[in-house]
Amino acid sequence: MSSPLSRPTALASIFALAVSPCVPVNARDFIAAPAKMPRIGEIDARYQAYNLDLIAITGMPAPAAKPDAKEGSDARVDTVMSGVKLERPLDLYNPRIRTLAHALGPAYLRTSGTSANSVYFQDDDKPILASPPTGYNTVLSRAQWKGVIDFARAVDAKLLMSFTVNSAVRDAKGTWTPLQAAPLAAYTRRIKGEIDAAELFNEPNLPNYGGAPKGYDGAWFARDQVAFRAFAARTLPKMKIVGPGDVVVANLPLPGNLTAADLLAGDPKPRFDVISYHFYPAVAPRCAPPNTPVSTTPELSMTDPWFARTEKSLLDHKALRDRYAPGAPIWNTETAGAACSGAPWSATFVDTFRYVDQLGRLAKLGASMVFHQTLVGGNYGLLEPETFAPRPNYWAALLWKRLVGTTVLGAGTSETPGLHVYAHCSPQRKGGVTLVAVNAGGKEEALQAGADAQVYTLTAPELPGKSVALNGRALELGQGERLPDLGPQLVAGGAVKLPATSISFVQVTGAQNPACR
């Protein structure tokens, strides 16, 4: 069977929606019973969260030009994390990025990343240092940090962050000290900002890569957490302590590194208010050779096994949570379709299927929060790095925010390959239910909602493209950064067609589900 990525699709077929109750039921139809779906969980009101890598906020000295760089070429363009020219920090006062981020609020904003493990906070108002002091790799100025605080306040985002943990902030025994964290916390209070939550260390299971001292292990991590919790109790008593924050890639072991179990089993055992982890189903092609266990392709990214990869890391961390921090919420604090700035198709509609399916799947399995990597930066950003124009994942995120509530319902399981259906109470309407149908297959499917429905279907003329349509109308910003109308298609009787390779939000306002009153 040909892949839906290569299958030519007529726009008329892709955009078709059922508008009458006379569509016959067949064996492939997904039969929903929104009035009877049981409550199976609850997600945070800020469930759909996002990252902004610290490297995008600080910038960093540009790498030296390669000796063989052609005259006139820009050899300084970033080839690592942020996806923008690193010598130019992100402008968080830009009206467009603020408008688009505010539309996703309330949310959580996480600012962290590998560079945060070794950042120097310049606690004065002098011109920013040309290079960081010995032992650090980047400089964060007061003005840049104030930009983060002002941005979070403007877009209704609570702040999750991490602190400097490298050898420059450690005592003679190698234990972490708040040498950099204390002045940053003090300045945050001075400008009336708030740090709602923090992971001490970005991805501590990769200590050598993350800037930790040589020989760093679980016992060392436990000692650091004791020191960090004592600092927080004195200085930031309301701040949630989040961890361990380990990264999982393709559900494979990372030889020579630590595991979440290593980080949680120290003596004394670290105490966390929230259990966190990072997950990437693969590594981007520029960092992973093809045909390896961590590599991926656009075709693989549209398959059921690919969507299911996100399950194991959550279930593993739930088991650890139950053992070490019973009752604590679980946050996936960094995730995207591929690590290492994302695959080229992470910026296209191809990745939107993973994006929406992962939100539905993790909510169903018990996650409280999911932080997409990232709002701006690399191929995986929700917005273009230079223009802040919305990418396909942004439009899906906006529909999720507007249409999907916090109460998770049991929708049942689809038996049709490529079709996945999730259900939540609608956020605005008492008794209403929203069904989220991800049809990644190459055939049109049908969903029987059992009652009149308001349908919002995302499609694209080309899957590996950045143009996306809602109910057949292209989505784009209007003048003055105005968001387009996101009106539904009304479907009497609730017999909803799900076009091939489409994502549909189906709102049944008259469901009268008792769990949603």
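Arg-361 counts as buried in this predicted model, because its relative accessibility is just 9%, under the 20% limit. Its salt-bridge partner is Asp-357, and the closest N and O atoms of the two sit 2.8 Å apart. Asp-357 is buried as well, with a relative accessibility of 0%. Both residues belong to helix 9, which runs over residues 349-365, and they are 4 residues apart, or about one turn of the helix.

That pair belongs to a longer list: searching the whole structure turns up 20 salt bridges. Another one brings Arg-229 together with Asp-273, this time with 3.9 Å between the closest N and O atoms. Arg-229 sits in helix 6 (residues 218-235), while Asp-273 is in the loop between helix 7 (260-264) and strand 10 (274-280), so this bridge ties together parts that lie 44 residues apart in sequence. Arg-229 is buried at 19% relative accessibility, whereas Asp-273, at 34%, is partly exposed. Arg-39 and Glu-42 also meet through their side chains, at 3.3 Å from N to O, and Glu-42 is partly exposed at 36%. Elsewhere, salt bridges link Arg-110, Glu-199 and Glu-334 into a network.

Glu-199 turns up again among the contacts of Phe-163, a list that also includes Ala-116, Leu-184, Ile-195, Phe-228 and Leu-236. Phe-163 is part of the largest nonpolar core, a set of 127 residues, and is one of the six that touch the most other members. The others in that group are Trp-145, Phe-151, Leu-375, Tyr-394 and Phe-505. There is also a second, separate core of 23 residues, with Cys-425, Leu-435, Leu-447 and Ala-449 among them.

Cys-425 has another role to look at, as it is joined to Cys-516 by a disulfide with an S to S distance of 2.0 Å. The link is left-handed, with -80 degrees about the S-S bond. It connects distant parts of the chain: Cys-425 lies in strand 14 (residues 419-425) and Cys-516 in the segment after strand 22 (502-508), 91 residues apart. Both ends are buried, Cys-425 at 5% and Cys-516 at 7%.

The structure holds 2 disulfides, and Cys-287 and Cys-340 form one of them, with their sulfur atoms 1.7 Å apart. Cys-287 is in the loop between strand 10 and helix 8 (304-324), and Cys-340 is in the loop between strand 11 (330-335) and helix 9, 53 residues apart. Here the two ends are not alike: Cys-287 is partly exposed at 40%, but Cys-340 is buried at 17%. Counting the bonded cysteines in sequence order, the pairing reads 1-2, 3-4.

Note on methods
Residues numbered from 1 in each chain as written. Predicted model: local features only at pLDDT ≥ 70, side-chain atom pairs only at ≥ 80, totals over all residues. Heavy atoms only, no water. Salt bridge = Lys/Arg side-chain N within 4 Å of Asp/Glu carboxyl O. Buried < 20%, exposed > 50% of the residue type's maximum accessible area, 1.4 Å probe, protein only. Helix = DSSP H or I, 4+ residues; strand = E, 2+ residues; numbered from the N terminus. Core = buried A, V, L, I, M, F, W, Y, C linked by side-chain atoms within 4.5 Å. Contact = heavy atoms within 4.5 Å. Disulfide = S-S within 2.5 Å. Lists of a residue's contacts leave out its neighbours within four places in sequence.
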